Amino acid sequence: MRIGAHVDPGDPLAEAAARNAEAVQFFLSDPQGWKAPAPRADADALRSSDVAVYIHAPYIVNVATLNNRIRIPSRKLLLTHARAAAEIGARGLIVHGGHVGDGDDLAVGVDNWRKTFAYAEKEGGLPLPVLIENTAGGERAMARRFDDLARLWDAIGEFGAGFCLDTCHAHAGGEELLGIVDRVKAITGRIDLIHANDSKDPFDSGRDRHDNFGNGKIDPDLVVAVIRAAGAPVIVETPGGAQGQAADIALLRDRAGS
């Protein structure tokens, strides 16, 4: 079991060393912008490193929306990031499930996700797994409530979509962590990555605010139980820079027996 952290993209391998991390996650471009990733000078080093690399797609990506001005460039940007991530040897590209607007039909958002994978296949295919992440807020979200997630997976499972389970998002989104791995696998058949985060806010708050373990509202032992049950690589996205994340990694590694 690899445990690592979301880090600054400047020198991910140095950031991994500073945290005693076995995996890193980072952005390839502005997470709030539409700009395509630039080639990285450290691509060879990242590909050959023992550190597992994961890339997070920009937050702005929303392939579910009915808004053409967002959905169409989101599809293109997702594929562009998938190709750039594969170029540096990443093991997966994480993307939020997205949402539709108030009053819009969730079924259309589901079909827009299906069309996204069909578009990628038409353009030559995805060169690495796309890991859809559960989200914390919004009543029109595609991957907050697991009954909605099940409808999404019925439409896209055939394309080989992967899943990233975020513990803060689940807690804030109103999904109990106890037994969550079995519930997710009953829907998706897989968990490819865990985002292990405490939450600053109460259960079902809908607020996406991460915290360090022991400081927030989630019992750290519940997160450890999720990690053990999933058996997937782990990324912490907690505050405190290298020191705070190193402490969180050490806690998880000690309690999970990694």
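# A first look at this structure

With a relative accessibility of 11%, D148 counts as buried. That residue is a handy way into this predicted model, as D148 shares a salt bridge with R151, and both of them sit in helix α5. The same helix gives six residues, the largest share, to the largest nonpolar core. The points below start with that pair, then move on to the other salt bridges, the cores, the pocket and a few single residues.

**The pair in helix α5**

- The side chains of D148 and R151 come together in a salt bridge, with 2.2 Å from N to O.
- Three residues separate D148 from R151 along helix α5, which is about one turn of the helix.
- Is each partner buried or exposed? D148 is buried, because its 11% relative accessibility is under the 20% limit, whereas R151 is partly exposed at 45%.

**Other salt bridges**

- How many salt bridges are there in the whole structure? A search finds 17 of them.
- R19 pairs with E15, and their closest N and O atoms are 2.7 Å apart.
- Both R19 and E15 belong to helix α1, which covers residues 12–19, and they are four residues apart, about one turn of the helix.
- R19 is buried, with a relative accessible area of 7%, while E15 is partly exposed at 22%.
- K200 and D211 form another salt bridge, in which the closest N and O atoms are 3.6 Å apart.
- This pair links distant parts of the chain, 11 residues apart: K200 is in the loop between β8 (198–199) and β9 (210–211), and D211 is in strand β9 itself.
- K200 has a relative accessible area of 36% and is partly exposed, but D211 is buried, with 9%.
- Some salt bridges join up into a network, and the residues linked in this way are E139, R144, R145 and D204.

**The nonpolar cores**

- The largest nonpolar core is made of 65 residues, and W113, I194 and L252 have the most contacts inside it.
- Helix α5, residues 146–156, supplies the largest share of this core, with six residues.
- Which residues does W113 contact, beyond its neighbours within four places in sequence? They are V63, A64, V95, H96, G97, I132, M142, L152 and I156.
- A separate core of eight residues lies apart from this one, and its members include A23, Y54, C164 and I235.

**V226 and its surroundings**

- V226 is part of helix α8, which runs over residues 220–230.
- At 2% relative accessibility, V226 is buried.
- Setting aside residues up to four places away in sequence, V226 touches L165, T167, L177, I180, V181 and I194. One of these, I194, is also among the residues with the most contacts inside the largest core.
- From V226 to L46 the C-alpha atoms are 28 Å apart in space, with the two positions 180 residues apart in sequence.

**The largest pocket**

- The space in the largest pocket comes to about 250 Å³.
- Its lining has 15 residues, and H96, G98, H99, T135 and G137 are the closest to the centre. H96 is also one of the contacts of W113.
- What kinds of residue make up the lining? Nine are polar, five are nonpolar and one is charged.

**Loops and backbone angles**

- G101 is found in the loop between β4 (93–96) and α4 (106–122), and it is partly exposed, with a relative accessible area of 26%.
- G101 and R140 are 39 residues apart along the chain, and their C-alpha atoms are separated by 6.6 Å.
- As background for the next points, most residues other than glycine have a negative phi.
- N20 is not a glycine, and it has a positive phi of about 55°.
- The place of N20 is the loop between α1 and β2 (23–26). N20 counts as exposed, because its 55% relative accessibility is over the 50% limit.
- D204 is another residue other than glycine with a positive phi, near 60°.
- D204 lies in the loop between β8 and β9, is partly exposed at 35% relative accessibility, and takes part in the salt-bridge network with E139, R144 and R145.

Technical notes
Residues numbered from 1 in each chain as written. Predicted model: local features only at pLDDT ≥ 70, side-chain atom pairs only at ≥ 80, totals over all residues. Heavy atoms only, no water. Core = buried A, V, L, I, M, F, W, Y, C linked by side-chain atoms within 4.5 Å. Buried < 20%, exposed > 50% of the residue type's maximum accessible area, 1.4 Å probe, protein only. Helix = DSSP H or I, 4+ residues; strand = E, 2+ residues; numbered from the N terminus. Contact = heavy atoms within 4.5 Å. 1 Å grid on protein atoms, 1.4 Å probe; cavity = no way out; pocket = protein on both sides within 12 Å on 5 of 7 lines; lining within 4 Å. Points joined across faces, edges and corners; volume = space filled by probe spheres on them. Nonpolar A, V, L, I, M, F, W, Y, C, P; charged D, E, K, R; others polar. Salt bridge = Lys/Arg side-chain N within 4 Å of Asp/Glu carboxyl O.
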